[in-house]
Amino acid sequence: MGANTRPFKEAVYSELARLGKAMGSPRRLELLDLLSQGPKSVEVLARETQQSIANVSQHLQTLLDARLVKFYKRGNYSMYRLSDERVLDLLLKVEEVGEWLYRAIETERESWIHPLDSSRPLSAEELDTLVKDPDVVVLDVRPRDEYEFDHIPGAWSVPLEELEQKMAELPKDKQIVAYCRGRYCLFAAEAVQILRRHGYRAIRVEQGVREWRRSTSVSRGGL
């Protein structure tokens with residue numbers, strides 16, 4: 001009979017289980033999703049998730065212990081970001097498999113988005129064919145710090161909260177394509193509703209810049 005491999009198995013799977021423990025919280029998954037859009041302070045994360053700073057700090061410590069995020073100082077602010085691109089890959093895969101396993105995710109998502117915009121959204125692949133079209137304006141309606149961290153080339157930055165004030169700057173003779181943080185974000189659907197109400201031809205993209213970069217990388221033979 002071979003050597004007893006039980007200690008080896010226990011050691012390996014105990015380490016892998018750290019991922020499940022760290023991600024086994026709705027709040028921490030949401031924090032990872034927000035951090036996938038770019039670095040954020042504890043204060044911003046608390047405001048975005050409607051939690052206390054103390055609760056967010058506790059969740060971030062768990063993510064730090066699991067090495068899913070990194071911490072650094074920017075002036076007086078404690079800033080957090082994903083520790084590596086592979087954490088983003090993991091997060092996107094969790095979302096993909098979760099939607100495949102649990103129909104309730106899609107049902108819940110549609111129940112919120114459909115009243116805002118019932119039209120078929122563009123896919124990331126379809127957007128890739130439009131970004132160079134002179135008759136199309138691609139609109140990034142996320143907060144400006146997320147746009148500055150990364151955005152689709154050529155996109156205009158008009159955060160949702162500024163849209164109505166800056167709407168006059170948008171050309172009415174062009175197709176407006178709005179995108180936000182991805183499938184679990186309502187900003188683009190809200191933007192489309194506002195734009196159409198003011199007579200603009202507007203459509204949203206279902207995915208965000210994260211998914212767009214991956215889809216275009218695959219289509220162009222990248223990793």
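These questions and answers walk through a predicted model of one protein chain.

Trainee: What average pLDDT does the protein chain have?
Mentor: The model is predicted, so confidence comes first. In this chain, 96% of the residues score at least 70. The average pLDDT is 92.

Trainee: Over which residues does pLDDT stay under 50?
Mentor: Where pLDDT is low, the predicted coordinates should not be read in detail. One stretch of this chain falls under 50, and for it the model has four contacts beyond four places in sequence. That stretch is residues 218-223.

Trainee: How many helices and strands are there in the protein chain?
Mentor: The C-alpha trace spans about 75 × 45 × 35 Å along its principal axes. Of the 223 residues, 43% count as buried. The chain holds eleven helices and seven strands.

Trainee: In what order do the four strands of the parallel sheet stand?
Mentor: This sheet is open, and its pairing is parallel. Strand S5 (156-157) and strand S7 (202-204) each have a single partner strand, so they stand at the edges. One side of each is left without a neighbour in the sheet. The order is S5-S4-S6-S7.

Trainee: Which residue in S5 does Asp 140 stand opposite?
Mentor: Strand S4 covers residues 136-140. S4 and S5 pair in the parallel sense over two bridges. Opposite Asp 140 in S5 stands Ser 157.

Trainee: At about what angle does helix H10 run to S7?
Mentor: H10 covers residues 187-197. The helix lies across S4, strand S6 (175-179) and S7. Its angle to S7 is about 170°.

Trainee: Which elements do the buried residues of H10 pack against?
Mentor: The buried residues in H10 are Ala 188, Ala 189, Ala 191, Val 192, Ile 194 and Leu 195. An α-helix has 3.6 residues a turn, so residues three or four places apart point the same way. The buried residues of H10 pack against helix H6 (103-113), S4, helix H9 (163-166), S6 and S7.

Trainee: Is Ile 203 buried or exposed?
Mentor: Ile 203 is found in strand S7. Beyond its neighbours within four places in sequence, Ile 203 has contacts that include Ile 176, Val 177 and Val 192. Its relative accessibility is 19%, and the cut-off for buried is under 20%. Ile 203 counts as buried.

Trainee: What distance separates the C-alpha atoms of Ile 203 and Ala 189?
Mentor: Ala 189 is one of the buried residues in H10. Ile 203 and Ala 189 are 14 residues apart along the chain. Their C-alpha atoms are separated by 8.3 Å.

Trainee: Why do Cys 180 and Cys 185 form no disulfide?
Mentor: Cys 180 is buried at 2% relative accessibility. Cys 185 is buried too, with a relative accessible area of 10%. A disulfide needs sulfur atoms within 2.5 Å. The sulfur of Cys 180 is too far from that of Cys 185 for a bond, at 3.1 Å.

Trainee: How many disulfides does the structure hold?
Mentor: A disulfide is a covalent bond between the sulfur atoms of two cysteines. For Cys 185, the nearest cysteine sulfur is that of Cys 180, and Cys 185 is in no disulfide. The count for the structure is zero.

Trainee: In what order do the three strands of the antiparallel sheet stand?
Mentor: This sheet is open as well. Strand S1 (40-41) and S2 each have a single partner strand, so they stand at the edges. The order is S1-S3-S2.

Trainee: Which helix packs on this sheet?
Mentor: S2 and strand S3 (residues 77-82) run antiparallel, joined by six bridges. Among the pairs, Lys 73 has Ser 78 in S3 as its bridge partner. The packing helix touches S1, S2 and S3, with its direction at about 90° to that of S3. The helix is H2 (residues 26-35).

Trainee: Is Gln 50 buried or exposed?
Mentor: Gln 50 is found in the loop between helix H3 (42-49) and helix H4 (53-65). Its phi is near 55°, a positive value in a residue other than glycine. At 74% relative accessibility, Gln 50 counts as exposed.

Trainee: What phi does Arg 67 have?
Mentor: Arg 67 lies in the loop between H4 and strand S2 (69-74). At 66% relative accessibility, Arg 67 counts as exposed. Arg 67 is not a glycine, yet its phi is positive, at about 65°.

Key
Residues are numbered from 1 along each chain as its sequence is written. This is a predicted model: local features need pLDDT of at least 70, side-chain atom pairs count only at pLDDT 80 or more; totals for chains, interfaces and linings use all residues. Side-chain values use heavy atoms; hydrogens and water are left out. Two strands pair if DSSP finds at least two bridges between them. Contact means heavy atoms within 4.5 Å. Axes are lines fitted to C-alpha atoms, for helices over the stretch in contact, and angles run from 0 to 180 degrees between N-to-C directions. pLDDT is the predictor's confidence in each residue, from 0 to 100. Buried means under 20% relative accessible area, exposed over 50%, partly exposed in between (1.4 Å probe, protein chains only).
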